[in-house]
Amino acid sequence: MKDTVFIQGLELSTIIGVYDFERNEKQRVIVDIEIATDLSKASETDNIDDTVDYGHIAETLSQVASNSRFQLLEALGKEMLDTLFSYYPLKTVSLTINKPDIISNAKGVGVIMRRSKADSDKEGQA
Ligand SMILES: Nc1nc2c(c(=O)[nH]1)N=C([C@H](O)[C@@H](O)CO)CN2
């Protein structure tokens, strides 16, 4: 796919973490996402129905974060990706989840996960 729809710096709140001190209160995670797509049609029609609506994507990610309580960012990332692939006709997504408040002398720590629809289907069957 030659084009990308992206969201940068989406601030979400979720229960996330391995340690006891992380299990009671939601903490901040910052999500960046890149969705590979073809924007040719929307660029001709100027119609939101012909593209990936980043507003809907942001809302879906926000709902996943607020309803989940994973230990690992990897598990939160998988849930986000599986949800996006099940709701929207996406092919390839790159997702970054950054925990900015956990290591005081680092700007952030986290994971970057790149998945295609086929990967997500395969993982679901395994
Ligand atoms: N690869 C990962 N490493 C770590 C994670 C994680 O989610 N993925 N989480 C933690 C703790 O919860 C951390 O945030 C607290 O120090 C440690 N390493």
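In this predicted model, let's start with two helices that meet: α2 (residues 54-67) and α3 (residues 73-87) have axes that come within 10 Å and cross at roughly 135°. An angle of 65 to 115 degrees would count as roughly perpendicular and one over 145 as roughly antiparallel, and α2 and α3 are therefore oblique to each other. The crossing in which α2 passes α3 is right-handed.

Which residues bring α2 and α3 together? On the α2 side they are I57, T60, L61 and V64, and these meet E79, M80, T83, L84 and Y87 of α3. Sorted by class, this contact consists of 6 nonpolar, 2 polar and 1 charged residues.

Now to the sheet. It is open, with 5 strands in the order β3-β1-β2-β4-β5, and its pairing is mixed. Strands β3 (69-70) and β5 (109-116) form the edges, each pairing on one side only. Helix α2 comes back into the picture here, because it packs on the sheet and touches β1 (3-16) and β2 (27-37). The direction of α2 makes about 20° with that of β1.

As a general reminder, strands of a sheet pair through backbone hydrogen bonds, either parallel or antiparallel. Three of the pairings in this model are set out below, each with residues that stand opposite one another.

| Strand pair | Sense | Bridges | Opposite residues, among them |
|---|---|---|---|
| β1 and β2 | antiparallel | 10 bridges | T14 and Q27 |
| β2 and β4 | antiparallel | 7 bridges | D32 and T96 |
| β4 and β5 | antiparallel | 8 bridges | N98 and G110 |

Strand β4 (residues 92-99) is a good one to follow with the structure open. Its residue T96 is the bridge partner of D32, and T96 also stands opposite I112 in β5. A further link is made by I97 in β4, the bridge partner of V31. N98, in turn, stands opposite G110 in β5.

Finally, what surrounds the ligand? The residues around the ligand are G17, V18, Y19, E22, L72, L73, E74, K99 and I102. Some of these names tie back to elements already described: L73 and E74 fall within the range of α3, residues 73-87, while K99 falls within that of β4, residues 92-99. By class, the shell around the ligand divides into 5 nonpolar, 1 polar and 3 charged residues.

Note on methods: Residues are numbered from 1 along each chain as its sequence is written. This is a predicted model: local features need pLDDT of at least 70, side-chain atom pairs count only at pLDDT 80 or more; totals for chains, interfaces and linings use all residues. Axes are lines fitted to C-alpha atoms, for helices over the stretch in contact, and angles run from 0 to 180 degrees between N-to-C directions. Helices (H or I, at least four residues) and strands (E, at least two) are DSSP runs, numbered from the N terminus. Angles under 35 degrees count as roughly parallel, over 145 as roughly antiparallel, 65 to 115 as roughly perpendicular and the rest as oblique. A crossing is left-handed if the near helix is turned anticlockwise from the far one by less than a right angle, and right-handed if clockwise. Two residues are in contact if their C-beta atoms, placed from the backbone, lie within 7 Å. Ala, Val, Leu, Ile, Met, Phe, Trp, Tyr, Cys and Pro count as nonpolar, Asp, Glu, Lys and Arg as charged, and the others, Gly among them, as polar. A residue is near a molecule or strand if its C-beta atom, placed from the backbone, lies within 6 Å of it. Two strands pair if DSSP finds at least two bridges between them.
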